[in-house]
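Please consider the sequence and the three-dimensional model shown below. The explanation after them proceeds from the interior to the surface.

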Amino acid sequence: MPIHAVTYAYPDRPAELDAVRAEHRAFLRDLHTNGSLLASGPLPATETAGPGALIVVDAPSAASVEEILDQDPFARAGLITERTVRPWSPVIGDWADRA
């Protein structure tokens with residue numbers, strides 16, 4: 001299936017994020033177990049961007065990625081201020097043969 005790179009941007013509400021983080025990570029672990037999540041991890045805040053995450057998903061389309069990630073506990077709690085979903089075609093590395 002096609003690979004998609006997803007970015008999340010989070011609000012500056014660390015206590016709310018911390019309260020939902022365990023459920024969010026359990027959701028992502030389930031996606032990894034079923035094979036649709038290839039990798040995920042936080043993007044720390046910088047001088048020009050707030051905190052966020054990078055999520056790499058194997059799914060048939062961007063629309064299907066959005067449907068899947070709409071169920072993320074962070075999304076359901078209103079803790080994602082911006083989400084981008086883009087097809088990604090790795091040419092070098094372990095996922096290159098999947099694209």
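The paragraphs below treat the nonpolar core, the aromatic pairs, the largest pocket and two individual residues in turn. The model is predicted.

The interior is a suitable place to begin. In soluble globular proteins, nonpolar side chains tend to be buried together. Here, the largest nonpolar core contains 19 residues, and those with the most contacts inside it are V6, Y8, Y10, V57, V65, L69 and F74. Four elements, namely β1, α1, β3 and α2 (62-69), each contribute at least two residues to this core. Helix α1 provides the largest share, with five residues. L69 illustrates how such a residue is surrounded: leaving aside residues up to four places away in sequence, L69 touches V6, Y8, F27, L31, A75 and R83.

Several of the residues just named also carry aromatic rings. A search of the whole structure yields three aromatic pairs. One of these joins Y10 and F74 in an edge-to-face arrangement, with 5.3 Å from centre to centre and 85° between the planes. Y10 belongs to the loop between β1 (3-9) and α1, whereas F74 belongs to helix α3 (residues 73-76), so the pair ties together parts of the chain that lie 64 residues apart in sequence. Both residues, Y10 and F74, are buried. Another edge-to-face pair is formed by W88 and W95, whose rings are 6.1 Å apart centre to centre, with 80° between the planes. Are these two tryptophans, W88 and W95, buried or exposed? The answer lies between these words, because buried requires a relative accessible area under 20% and exposed one over 50%. With a relative accessible area of 37%, W88 is partly exposed; W95, at 25%, is also partly exposed. Ring pairs, moreover, link Y8, Y10 and F74 into a cluster. Y8, Y10 and F74 are likewise among the residues with the most contacts inside the largest nonpolar core.

Attention may now turn to the largest pocket. Its volume is about 250 Å³. A total of 17 residues line this pocket, and Y10, R21, R25, P42 and G52 lie nearest its centre. The elements that give two or more residues to the lining are α1 (14-33), β2 (37-43) and β3 (52-58). Helix α1 gives the most, with seven residues. What is the character of the lining, in terms of nonpolar, polar and charged residues? The lining comprises ten nonpolar, four polar and three charged residues. Y10 therefore connects two parts of this account, since Y10 lies nearest the pocket centre together with R21, R25, P42 and G52, and the loop that holds Y10 is tied through the aromatic pair to helix α3.

Two further residues complete the description. D58 is located in strand β3. This residue is buried, with a relative accessible area of 7%. Although D58 and H32 are 26 residues apart along the chain, their C-alpha atoms are separated by 9.8 Å. A45, in turn, is located in the loop between β2 and β3. A45 counts as exposed, because its relative accessibility is 52%. The C-alpha atoms of A45 and A19, 26 residues apart along the chain, are separated by 19 Å. Leaving aside residues up to four places away in sequence, A45 touches G50 and P51.

Definitions and conventions. Residues numbered from 1 in each chain as written. Predicted model: local features only at pLDDT ≥ 70, side-chain atom pairs only at ≥ 80, totals over all residues. Heavy atoms only, no water. 1 Å grid on protein atoms, 1.4 Å probe; cavity = no way out; pocket = protein on both sides within 12 Å on 5 of 7 lines; lining within 4 Å. Points joined across faces, edges and corners; volume = space filled by probe spheres on them. Nonpolar A, V, L, I, M, F, W, Y, C, P; charged D, E, K, R; others polar. Phe/Tyr/Trp six-rings, centres within 6.5 Å; stacked < 30°, edge-to-face > 60°. Buried < 20%, exposed > 50% of the residue type's maximum accessible area, 1.4 Å probe, protein only. Core = buried A, V, L, I, M, F, W, Y, C linked by side-chain atoms within 4.5 Å. Contact = heavy atoms within 4.5 Å.
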